[in-house]
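Trainee: I should like a close look at a single part of this structure. Please set out how that part is built and what surrounds it.

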Amino acid sequence: MILENGTIRTLDPSLPVARALAIAGERIAGGVGTHETALASPETVDLGGRCVVPGLNDAHVHFPTWALVQGQVSLDGARSLGEALALAGAAAEALPSGRWLRGHGWRSGDWSPAVEPTRQELDTVTGDRPAALIAKDYHSLWLNTAALALANGDLEVAGGVVERDARGEPTGVLREESAWRFKDRYMLTSDEEYLDAMRAGIKLVHARGVTAVHDKDGWLGALRLWQRLEAEAPLSLRVLQSMPHEQVGELRALGIRSSFGSPMLKLGHLKVFMDGTLGSQTAWMLDGSGVQITSGEALAEIVLLGAEAGFPVAVHAIGDAANRAALDAFEATADVWRPLGLRHRVEHAQCLAPEDLPRFAALGIACSVQFSHAPSDRDLADRFWAGKTDGAYAFRALWDSGALVANGSDAPIEELDPLAGIRAGVRRTIDGRPAWHPEQAMTVEQALQATTVNPAWLAGDEHRRGRLRPGFLADLAVLDRDPVEDLDAQVVATMVGGRWVHNPPPWD
């Protein structure tokens, strides 16, 4: 196949832009005039001035969770408690009797007047059906009385927060480990529900130009779900699956190392949480606030165990104290992991003390960030991190320091839409307001590299995908225009391994 009469953004420094692209089987054969003689009776596709870019890669997504919530009530965008309750009530009325009400996306920091939700208020619109609404940052859970009663008072857990009223009674809001344990014990979802949602989710992300994801839902057993999908039909999405660090012993005992798997489904990193989030005010900060989930000393032990088992580590770190502790742990263990070539990463790296920012590049620790978080979180950051936002969401400063920056969505916290994330990274605004900390804006070329080349490197795939160059896999997206010239470009079609997986040509 030859794609011609368009702009090919190869992301390859040796030939950044071409006018045509030749594909043989599942791989790039080269540019027309070079290798096209290797193609037997090639099909010619007229791009009609459109633009081709490497397939888009979301470097941080909770894919089964995101897929599942597509069918749940969304409270994202509610500007008050009343609006959130109205959305929840309307959804509850549409459900059969006895069914759980499940939803996501509320953020009390966005509400005016500023209040925290309670179970009693949720009871007014849900009655005696169990209701569970997960916050936008996925680190807080708002329950009604019927749902809370299922735990029979067993709510406290190390690393968790149970919000209580003046009488000491639970308000219905659980945070961090308390929220996650409740979800694991009482909000059960069958594999079939997940699989149905994931099948639909794969089609949706292909329509958004996505050819690969780094899935962070290892804690809920996502690996078995992906394996079931791959067993029933060839996967059309490349998946790098993280695993909970608590499972490193079992992985080592079995002799399973990072990168084990198939061309479409591979094991990636061990996932560790250092702290909570900005929205739930549980980010571990140098001023002593927040929640410490893993200490620096404990992380160092995990890194050493991971190195022994052949796994790099991906560390969730939001607050400046959490990021410093993570960097300290990587530095203390570098003599062990660096000779092994392990590609460690910090997920989010949202608030950094100035002296810690250059340490990522110096240590060789990648920054797995979410461009869309900066404009989405700006008001909360200005409120809760007043005076510290010069070191918050500092994506351009990290890039300029020499750190490897990879872009994801953290879906379902933000939407799984890489082009929207690229626009957020370049514009630093999503709502018409002036750019927030415009000095941290990325160029379009940098944002594209962070969404194609760099995630492939983190997956150990830098020699087979991420760029459009001869010998690489033909994973690509066709856009209606060149995003470097017009940032509002939209996806027309998507190809994985030389096969169209969304909207094959011809196009109108």
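Mentor: The account below takes one helix, then a strand residue beside it, and ends with two helix pairs for reference.

The model is predicted, so local features are taken only at pLDDT of at least 70 and side-chain atom pairs only at pLDDT 80 or more, while totals for chains, interfaces and linings use all residues. Residues are numbered from 1 along each chain as its sequence is written, and side-chain values use heavy atoms, with hydrogens and water left out.

Helix α9 covers residues 296-309; helices (H or I, at least four residues) and strands (E, at least two) are DSSP runs, numbered from the N terminus. The 14 residues of α9 reach 20 Å from first C-alpha to last, close to the 20 Å expected at 1.5 Å a residue, where the expected span is 1.5 Å times one less than the number of residues. Gly296, Leu299, Ala300, Ile302, Val303, Gly306, Ala307 and Ala309 are the buried residues of α9; buried means under 20% relative accessible area, exposed over 50%, and partly exposed in between (1.4 Å probe, protein chains only). Their cover includes α8 (248-254), β15, β16 (313-317), α10 (320-332) and α11 (334-337). Just after α9, Gly310 has a positive phi of about 85 degrees.

Strand β15 (residues 265-273) contains Val272. Val272 counts as buried because its relative accessibility is 0%. Beyond its neighbours within four places in sequence, Val272 is in contact (heavy atoms within 4.5 Å) with His245, Thr294, Leu299, Ile302, Val313, Ala314, Val315 and His316. For Val272 and Leu299, 27 residues apart along the chain, the C-alpha separation is 7.8 Å.

Two helix pairs may be set beside this part. Helices α15 (residues 418-427) and α16 (residues 444-451) pack at about 140 degrees with axes 9 Å apart; axes are lines fitted to C-alpha atoms, for helices over the stretch in contact, and angles run from 0 to 180 degrees between N-to-C directions. This angle makes α15 oblique to α16, given that under 35 degrees is roughly parallel, over 145 roughly antiparallel, 65 to 115 roughly perpendicular and the rest oblique. Pro418, Ile422 and Val426 of α15 meet Val444, Ala447, Leu448 and Thr451 of α16.

Helices α2 (residues 81-93) and α3 (residues 119-126) pack at about 40 degrees, with axes 8 Å apart, and are therefore oblique to each other. Their contact joins Leu81, Leu85, Ala88, Gly89 and Ala92 of α2 to Glu121, Leu122 and Val125 of α3.
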